[in-house]
Amino acid sequence: MLNPAFETKEILLNSRTIAEKCMKCGRCSAACPSYEQMDIRPHQFVSYLMRGDVDGLLSSTTLWKCLSCFACVQRCPRGVAPAQLIESVRLAAIRQKGGDGITVEDVVGELDDEMPQQLLVAAFRKYKG
Amino acid sequence: MIFDYYPGCTLNTKAKELDIFARKAAEKLGFELREIEDWQCCGAVYPMGADVVASKTPSVRALKASQDNGRALVTLCSACHHVLKRVNRDAAEDAEFRATLTAYDEELEYNGGTEVLHFLEVLRDKIGFDKVKAAVTNPLIGRKIGAYYGCMLLRPGAVMAFDDPESPTIIEDFIKALGATPVTYAMRNECCGGYISLAEKEMSAKMCHAVAEDAVRRGAEELITACPLCAYNVKKQAGDILPITYFTKLLAEALGLDGEEAKANA
Ligand code: SF4
Ligand code: SF4
């Protein structure tokens with residue numbers, strides 16, 4: 001386990017967005033199609049990082065519910081990219097042993113004949129890094 | 001006119017129609033899609049982490065191949081287009097990314113010089129929708145068609161520079177050029193559930209229903225898309241509400257390229 005202050009810094013750096021610019025308006029959460037499914041909503045997610053509460057984020061359902069649809073990125077009036085912050089924490093979770101969002105066994109049961117390769121490739125990238 | 005072409009994994013398999021009808025239509029419109037050699041899968045999602053470099057290398061290789069060929073690189077799949085355009089921007093603007101790439105493999109030296117175009121951008125900006133309209137032999141008069149943009153073609157607008165990300169018109173203009181009536185509806189740039197639909201069918205069902213119901217409420221009788229995943233999700237989750245097809249299939253139909261014949265000749 002990394003030192004939390006160090007880990008927060010790493011996550012912020014790896015996100016390539018400036019979370020400090022957030023003015024807590026909630027526009028990102030208003031735009032988010034996954035809002036109801038998330039335990040920590042996009043605008044809250046930004047605040048957690050500013051507080052350095054990485055532990056809370058690493059176990060958050062938000063990591064696996066964010067669709068990377070970029071609605072939050074497009075609509076943030078301050079140029080913050082919440083999707084990138086979520087991805088950065090997701091990467092941190094995946095990189096810690098056992099942090100994957102799905103197992104290969106899970107996938108087998110979900111396959112069907114019409115399923116595009118794009119879906120499988122994307123899901124593996126997102127859930128397993 | 002010759003363009004380099006990056007089909008991507010899905011267009012060679014589950015989304016063959018998206019590919020075949022595009023090639024046929026291009027021929028009729030006087031340009032060629034020349035598939036680049038030895039392309040690799042783009043990864044389907046753009047890796048956002050600053051330290052993720054290896055998974056961008058397939059895109060860099062494709063972009064560089066096109067630069068060497070001296071041609072613009074055309075894509076059809078929304079996901080490929082999204083990934084290639086964003087990696088191209090990284091190569092143009094991020095010196096650290098470039099340095100890591102060349103440290104990894106000298107052959108990956110690339111500065112983002114390739115022009116990445118979606119097939120729809122080719123029609124709008126290089127051919128012109130007026131020329132498309134002039135080539136239509138089977139105008140789709142009376143058809144009420146909704147454009148389903150989804151997320152990846154449009155956002156983030158600053159990088160994709162595809163169209164106005166909140167109020168796009170390119171697919172509506174395309175529909176008009178084919179003689180049909182475009183139906184504008186609010187949910188046309190909302191997400192279908194994307195990759196989450198692998199494990200979370202209910203979530204995706206809810207989102208696809210919202211899109212399809214809004215389109216029907218506004219008078220659409222069918223939807224078109226450029227994304228194999230949007231097509232799959234909408235068909236599966238909301239196929240009983242209205243049908244969805246690839247925009248290239250619609251184009252081929254309007255150009256009088258009979259569906260079965262186009263497939264057989266491919
Ligand atoms: S939209 Fe931007 S400024 Fe507003 S809460 Fe979200 S991240 Fe912060
Ligand atoms: S990218 Fe993620 S957090 Fe942002 S709006 Fe889409 S689902 Fe919500």
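Student: Arg51(A) and Tyr48(A) catch my eye in this predicted model. What makes the charged end of Arg51(A) count as sitting over the ring of Tyr48(A)?

Tutor: The charged end is 4.6 Å from the ring centre. The cut-off is within 6 Å, along with a limit of within 35 degrees of the ring normal, and this pair is listed as sitting over the ring.

Student: Where does Arg86(B) lie?

Tutor: Over the face of Phe70(A), at 4.8 Å from the ring centre.

Student: On to aromatic pairs. Why are Phe3(B) and Phe31(B) called edge-to-face?

Tutor: Their planes are at 90°, and over 60 degrees counts as edge-to-face. Their centres lie 5.7 Å apart, and the limit for a pair is within 6.5 Å, so they do pair.

Student: Which parts of the chain does that pair link?

Tutor: Distant ones: Phe3(B) is in strand E1 of chain B, while Phe31(B) is in the loop between helix H1 and strand E2, 28 residues apart. Both residues are buried.

Student: And why is the pair of Phe31(B) and Phe119(B) called tilted?

Tutor: Their planes are at 45°. Stacked needs under 30 degrees and edge-to-face needs over 60, so what remains is tilted. Phe119(B) is in helix H5 of chain B, 88 residues from Phe31(B).

Student: Which residues form one cluster with these three?

Tutor: Phe129(B), Phe174(B) and Phe247(B) join Phe3(B), Phe31(B) and Phe119(B) in one aromatic cluster.

Student: Last one: how many residues of each class are in the shell around ligand 2?

Tutor: There are 12 nonpolar, one polar and no charged residues. Cys32(A) and Leu67(A) are among those that come nearest, and both Cys and Leu count as nonpolar.

Conventions: Residues are numbered from 1 along each chain as its sequence is written. Chains are lettered from A and ligands numbered from 1 in the order in which they are written. This is a predicted model: local features need pLDDT of at least 70, side-chain atom pairs count only at pLDDT 80 or more; totals for chains, interfaces and linings use all residues. Side-chain values use heavy atoms; hydrogens and water are left out. A residue is near a molecule or strand if one of its heavy atoms lies within 4 Å of it. Rings of Phe, Tyr and Trp (its six-membered ring) pair if their centres lie within 6.5 Å; planes under 30 degrees apart count as stacked, over 60 as edge-to-face and the rest as tilted. Helices (H or I, at least four residues) and strands (E, at least two) are DSSP runs, numbered from the N terminus. Buried means under 20% relative accessible area, exposed over 50%, partly exposed in between (1.4 Å probe, protein chains only).
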